[in-house]
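The following exercises concern a protein model and are to be worked with the coordinates at hand. Each task is followed by a solution in steps.

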Amino acid sequence: MKFKRARKRKLKDLLEQKQERNPDTPVLYKEDVGSEGVKKFSDIGKPKSIAQFKVTKKENKRREQRLMRFSVETPIPTDDEDTDDTPVALCTSLSSSRTSSKNAANFSSKKAFSKKVVGTCKTIEKSYFRLTTFPKAEKIRPLHILQKSLEYVKTKYIVTEDFEWANDQLKAVRQDLTVQGIRSPFCLEVYETHARILLENGDLGEFNQCQSMIRTLTEYSCEKDNIGCYDYYENSSTDDKEMLQQSEEHKDEFKAYQLIYSMVQNSWTDLNTALTDTGLDGHSCQHALIVVKAVIQSDFHTFFKLYESAPNLSAYLMDFLVKRVRSDAYERIVSSYRPTMGVEHFREALSFENLEETRQFLKKSKAVFVEDTESEFWVDCKASSDELR
């Protein structure tokens, strides 16, 4: 107690000395008022309720502008914007309907897109930049230019296989489609092409965005889900606007990707959703269903046979399952066989290309090696099994 009192006196003396040097110090710091006093002094001069705050005309105007920013039909132009060039409503992200409620965006699509954004840029090759403001027509490419751009990207990618460049170009094409609200078979072609290139180069994050967009475009109508896009072809009938249609071959291909991707991500919810879909009778889907069954049942023999005969680009997705299947297969082999097992057997069972690659995998798995009189490498299954515990 003595120590606390002495410390308080010392602190008070220091505050008084500081007050002498600075006479403008508030009364709060002149006295030892305690926690209750601090609250009392801090409330001096402040309004006791929000009703006592005065709202100026400037504040009212600012609040009105902030409120109307979220209005779809009447955007608020800034001082440096031309009202005539400002679109009535930017195209809502095509993927927004997947995360929002179907009744969340309740507005008329005719009113929202009474003033469409149509690009005038003629550049075939254009890099992707994230939009931070309303898009300008001179920086957006119209549909016929985007069609030429897609063919150019596909032709050049086949020759150069420059993934970074192709990915950047296709993202720019997708962006121009989105801001113009184009919903047409060409839109599907862009997302399908981009998804295949991404899959071939192992970019699963962007690939998932593309396949999700393909499902959105083909499974939901524009008006029902408020996707925020319109059919580019004004002469099309109302029935054509309900949803876009993939060809049977492409539908089978991407449903198969969806099944295997769900297995790669260990997403049982997405897998169950994919399994309840109709149209799983195609060759690619049947192959994917057997792959999923083989992984779940740890049937590594069947898995590697399917891996060698994978249709389309399914093998690129199965690459992400190989490590998991091999690790599980190794544990089962060393737990089942006694006393030893040759490296050659592991190579055949785990589908390695050569013995050296097989030995490297076994060393990483902490396998215990033995060497017989013929100088051939063997694995002590019992000792290796003990290493797993």
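Helices are DSSP runs of H or I with at least four residues, numbered from the N terminus. I197 is found in helix 8. The model is a predicted one.

**Exercise 1.** Determine how far the prediction may be relied upon, and where its confidence is low.

Solution.
Step 1. The average pLDDT of the protein is 79, and 67% of the residues score at least 70.
Step 2. Residues 73-114 stay under 50 in pLDDT, and the model has 64 contacts beyond four places in sequence for them. A pLDDT below 50 is also found over residues 221-241, a stretch with 55 contacts beyond near neighbours in sequence.

**Exercise 2.** Classify I197 as buried or exposed, and list its contacts.

Solution.
Step 1. The cut-off for a buried residue is under 20% relative accessible area.
Step 2. The relative accessibility of I197 is 6%, so this residue counts as buried.
Step 3. With residues up to four places away in sequence not counted, I197 touches Y157, F163 and L170.
Step 4. F207 lies ten residues from I197 along the chain, and their C-alpha atoms are separated by 8.6 Å.

**Exercise 3.** Compare the span of helix 6 with the expected value, and establish where its buried residues lie around the axis.

Solution.
Step 1. Helix 6 comprises the 18 residues 143-160. From first to last C-alpha it reaches 25 Å, close to the 26 Å expected at 1.5 Å a residue.
Step 2. Its buried residues are L143, I145, L146, S149, L150, V153 and Y157. They lie on the same side of helix 6 because they cover an arc of only 140° around the axis.
Step 3. On the other side of helix 6, I158 and V159 are exposed.
Step 4. The buried residues of helix 6 pack against helix 7 (163-180) and helix 8 (185-200).
Step 5. After helix 6 comes E161, which has a positive phi, near 55°.

**Exercise 4.** Identify the members of the largest nonpolar core that touch the most other members, and examine L177.

Solution.
Step 1. In soluble globular proteins, nonpolar side chains tend to be buried together.
Step 2. The largest nonpolar core has 71 residues, of which L177, F207, F303, L321, F346 and L362 touch the most other members.
Step 3. Apart from neighbours within four places in sequence, L177 is in contact with L146, I182, F186, C187 and V190.
Step 4. For the protein as a whole, 37% of the 389 residues count as buried.

Terms used:
Residues numbered from 1 in each chain as written. Predicted model: local features only at pLDDT ≥ 70, side-chain atom pairs only at ≥ 80, totals over all residues. Heavy atoms only, no water. pLDDT = per-residue confidence, 0-100. Contact = heavy atoms within 4.5 Å. Core = buried A, V, L, I, M, F, W, Y, C linked by side-chain atoms within 4.5 Å. Buried < 20%, exposed > 50% of the residue type's maximum accessible area, 1.4 Å probe, protein only. Helix = DSSP H or I, 4+ residues; strand = E, 2+ residues; numbered from the N terminus. Expected span 1.5 Å × (residues − 1). Arc of directions from axis to C-beta.
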